[in-house]
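Good morning, colleagues. I would like to take you through one structural model, which I now put on the screen.

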Amino acid sequence: MSKITYEIDIASKQNKVWNKNFTLLTIGSFISMMGSYMASLAISFTVFDMTKSVFLFAMFNVAYYIPKLVITPLLGPIIDKYSRKKIVIGTDCCYCLLFFLLPVVIYFTEFSLPLYLGFNFLISLLDSVYSAAFTTLLPDTITPGKSQKAYSIDSLLGPVSQGLMAPIFLIVYNKIGLSGILIFNSITYLIVAIFECFIDVKENLIKDSKSTFLENLKEGYVYLRKEKGIYVIYMKIFFTTVTWGAIMTVMLPYFESKVNLGKDKYIILGIVMTGSRFIIGFLQSIFVTYSPENKFKIYVIINFIIDSLLLFIFISPLYGIYTIWGITGSLGIITITIRTSSIMAYIPGNMRGRLSSISLVLSNMGMLLGSFLGGFIAEKLGYITLGTLVGVLGLVVNIYYFSRYKKSLSLVFRKDL
C-alpha cells in the first residue's frame, strides 16, 4: 500500500460518523432507552388503571416536572466545570439502583399514589442531571463536519428502541408486570454505565475560573438575551412543549375512554409515531444533508404543518389520528435535527451546559403547564376543545416569532459543526 493510499485510508476512518466515542455513547443511550420506554409505559398504565381520572393522571405527570424546574437552572454552571462523562456514568448508576429498589418496595406495599409520586420525583431529578450532561457531552464525541449525520442518528435512537419494545410491551407487561419491567430497566442502566466508562474525549470545560456559581449562571442568561436567534428558538421550544405536553398527557385517557379504542390501539399509536420517526431519521442519516441556506425555511414550514394538524387530532377517526401522529412524528424528527445541530454549532463549547440548562428549564416548564392544562381542559371542556386551543396557540406563536425575528433566526440556522 502506497503512503498516499494509507493516508487517505486513515483520513476516511477519522472522518467517519461512527467513531469510538460516538459509538459507545450512542449504543449506551439506545440500550437504556429500551428499558426506560417499557418502564414509562408500565408506570403510566398502572397509575391510570388505579386512579381512573384524567385530571389525576395529568397531575401525576405534572409532579414529574416540578423538581426539574428547581434543579435544572443549577446544573448548567456545574456541568460546564466538571466532567460530563463522569456525571453521565454516575447518573446511570443511580438509575440502576433506583429501578432495582422500587420493585422491592412495591412487593411489600399496596398501591399508593404518594409512593409513585415520590418515585417520579427521584426519576425527575436524575433525568435533569443526565439530560444536561448528555446533551453537552454528545458534541464532543462527534467527528467535525458530521454533526447533521450524527444528530440524525441520535434522533433515531428513541424511535428504534420504542419500535422494538412496543410490539411486545403488552405481552411482557401481562407476564412479568411492573416490577419485572423495572428490574429489566435496572439491568439496562448497569450495561450502559459499563459502556460509557470506555468513552475517551477531551471535554471543553471552564478551567481555573474564579467566577461564582451565580455569576456563571448569569453569564448564560446574559448571552441568551444578546443572541436573539437562540432566545427565540428556546421560546419556541417552550410553546411547543406546552402544546405537546397537553396532547400527549391525555392520549392514554382518551384511548381508554373510547369504546372502540383501548390500550392495544394506544400501543399501535406509539408504533406509528416511532415507525415514522425511524424512517425519516434513517433517510436523514444516510442520504440527506440540509444546506445552511434552506434550514430555516424548512424549519418554519414544518412547524406550521405540525401545529395545523393538531386542530384535527380529536375530531378524526382512528386511522386519521394514526395519520396525523405519523406525519407529526416524521416532520418532528427533521426539525429536531436541524435545530439541535444549528444551536450546538452556534453557541461556544464552554456555554453549552448553562444554555442547555436554560433550554431544559423552558421545556420542563412547558411540559408542566401543558400537562396541567391538558388534563384540566380535557376533563372540564372536552378533548375537541383542547385540540382546537393548542393548535391555535401553536399557529399564533409561529406567526409572531418567525415574522418578527426572521433575520436573527436565519443567522443561527446557517451554522453547522
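**The largest pocket**

I begin with the largest pocket, whose volume is about 170 Å³. A pocket is defined on a 1 Å grid over the protein atoms alone, as an open set of points where a 1.4 Å probe fits, with protein on both sides within 12 Å along at least five of seven lines; lining residues have an atom within 4 Å of a point. Grid points are joined across faces, edges and corners, and the volume is the space filled by probe spheres set on the points.

Before I go on, please note that this is a predicted model, in which local features need pLDDT of at least 70 and side-chain atom pairs count only at pLDDT 80 or more, while totals for chains, interfaces and linings use all residues. Residues are numbered from 1 along each chain as its sequence is written, and side-chain values use heavy atoms, with hydrogens and water left out.

Which residues line the largest pocket? They are Trp18, Thr26, Phe30, Ile153, Leu156, Leu157, Val160, Phe282, Ser285 and Ile286. Two or more lining residues come from each of α2 (20–51), α6 (147–196) and α9 (263–286), and the largest share, 4 residues, belongs to α6. Helices here are DSSP runs of H or I with at least four residues, numbered from the N terminus. By class, the lining has 8 nonpolar, 2 polar and no charged residues. In this scheme Ala, Val, Leu, Ile, Met, Phe, Trp, Tyr, Cys and Pro are nonpolar, Asp, Glu, Lys and Arg are charged, and the others, Gly among them, are polar.

I turn next to the nonpolar core. The largest one has 121 residues, and those with the most contacts inside it are Phe169, Leu182, Tyr234, Ile247, Met251, Phe255 and Phe314. Helix α8 (residues 228–257) gives the most to this core, with 17 residues. Such a core is a set of buried Ala, Val, Leu, Ile, Met, Phe, Trp, Tyr and Cys residues joined through side-chain atoms within 4.5 Å. Buried means under 20% relative accessible area, exposed over 50%, and partly exposed in between, with a 1.4 Å probe and protein chains only.

Leaving aside residues up to four places away in sequence, Phe314 touches Ile247, Val250, Met251, Tyr254, Tyr383, Ile384, Leu386 and Gly387; contact means heavy atoms within 4.5 Å.

Helix α4 (residues 84–108) holds Thr91, which is buried at 5% relative accessible area. With the same sequence exclusion, Thr91 touches Leu126, Val129 and Tyr130. Arg84 also lies in helix α4 and counts as buried, at 0% relative accessibility.

How many disulfides are there? The count comes to 0, a disulfide being a pair of cysteine sulfur atoms within 2.5 Å. Cys93 forms no such bond because its sulfur is 7.0 Å from the closest cysteine sulfur, in Cys94, which is too far. Cys93 is partly exposed, with a relative accessible area of 43%. Cys96 is likewise in no disulfide, as the nearest cysteine sulfur, that of Cys93, is 7.0 Å away. At 17% relative accessibility, Cys96 counts as buried.

I close with Ser342, which is placed in helix α11 (residues 318–346) and is buried, with a relative accessible area of 0%. Ser342 and Arg414 are 72 residues apart in sequence, and their C-alpha atoms are 7.1 Å apart in space.
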